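This report looks at charged side chains and a metal site. Please have the sequence and the structure open while reading.

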Amino acid sequence: MTRVLVVEDDPQLVRALIINLQARQYGVDAAPDGTTALRLAAARQPDVVLLDLGLPDMDGVDVIKGLRGWTRVPILVLSARQASDEKVAALDAGADDYITKPFSMDELLARLRAAVRRTEEARLEPGTTLVETADFTIDLLAKRAVRGGLDVRLTPTEWHLLEILVTSPGRLITQKHLLQEVWGVSQSNKTNYLRVYMAQLRRKLETDPSHPRYLITEPGMGYRFEG
Ligand code: CA
């Protein structure tokens, strides 16, 4: 049974989540605040955490930091606010994905399944070095990209960027994280670097670079590799 820890202070939403999750055979624990969430996470070892960012006792981002001190459990953030700053802060602190309230239960369940599936896949294949899609193959060990039977020449910067994305399939990687990792800068005014290099990668790897299937942009947030 997949165990979900719901961290949310809105009792109506908690009730709706519990009913819907239990109907789909999830085991559910609920915490109305951050302190309880951290305690329950340690005691119950959930497979996935649904986390509201606006909690009565602490900032949801601090709950993420607390969890990330000892666990890689997937964290799906529920954010009522439109402010992308908060979502970016949550992702940078180690959240895996976010969903903006109000959301449909179907959308939430789909995201939840995807988050759990990603960790299961990662667990099945430790030290995966080959990333294969229908259109190209990335050999992380040999540092080789092949498309249509031909080697794709990538610059070191392109390679670095691609490597970060393909080793976390499905996960939204923030602009800030990519800029820090690849260029060692964190200023958001450097996001044009990312746009330029992502466009180059798409030209080299995507069949239709203007409608990317693998290297997906999340506007204002970051990028995601869909394997
Ligand atoms: Ca709240």
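## A buried aspartate

Asp 97 is buried, with a relative accessible area of 5%. The value falls under the 20% limit, so the residue belongs to the buried class. The model is a predicted one.

Which side chains meet Asp 97 in a salt bridge? Arg 224 does so at 3.5 Å, N to O. This pair links distant parts of the chain, 127 residues apart: Arg 224 sits in strand S12 (residues 222-225) and Asp 97 in strand S5. Arg 224 also counts as buried, at 8% relative accessibility.

Arg 111 forms a salt bridge with Asp 97 as well, with an N to O distance of 3.4 Å. Here the partners are 14 residues apart, with Arg 111 in helix H5 (residues 105-124) and Asp 97 in strand S5 (residues 97-100). Arg 111 counts as partly exposed, at 23% relative accessibility.

## Other salt bridges and a network

Lys 143 and Glu 163 are joined through their side chains in a salt bridge of 3.6 Å, N to O. Lys 143 lies in the loop between strand S7 (136-139) and strand S8 (144-147), while Glu 163 belongs to helix H6 (residues 156-166). The two residues are 20 residues apart, and the pair links distant parts of the chain. Glu 163 is partly exposed, its relative accessible area being 22%.

Which residues are joined into one network by salt bridges that share partners? They are Asp 97, Glu 107, Arg 111, Glu 218 and Arg 224. The count of salt bridges in the model comes to 15.

## The calcium site

What coordinates the calcium ion? The donors are Asp 9 (OD), Asp 52 (OD) and Gly 54 (O), at 2.2 to 2.4 Å. Along the chain, the donors of the calcium ion follow the spacing D-x42-D-x1-G. Asp 9 lies in the loop between strand S1 (3-7) and helix H1 (11-23), and Asp 52 in strand S3 (residues 48-52), so the pair ties together parts that are 43 residues apart in sequence.

Are the two aspartates of the calcium site buried or exposed, fully or in part? Asp 52 counts as buried, at 4% relative accessibility. Asp 9 is partly exposed, with a relative accessible area of 33%.

Terms used: Residues are numbered from 1 along each chain as its sequence is written. This is a predicted model: local features need pLDDT of at least 70, side-chain atom pairs count only at pLDDT 80 or more; totals for chains, interfaces and linings use all residues. Side-chain values use heavy atoms; hydrogens and water are left out. Donors are N, O and S atoms within 2.8 Å of the metal (3.2 Å for Na, K and Ca); water is not among the atoms, so sites may look incomplete. Helices (H or I, at least four residues) and strands (E, at least two) are DSSP runs, numbered from the N terminus. Buried means under 20% relative accessible area, exposed over 50%, partly exposed in between (1.4 Å probe, protein chains only). A salt bridge is a side-chain nitrogen of Lys or Arg within 4 Å of a carboxyl oxygen of Asp or Glu.
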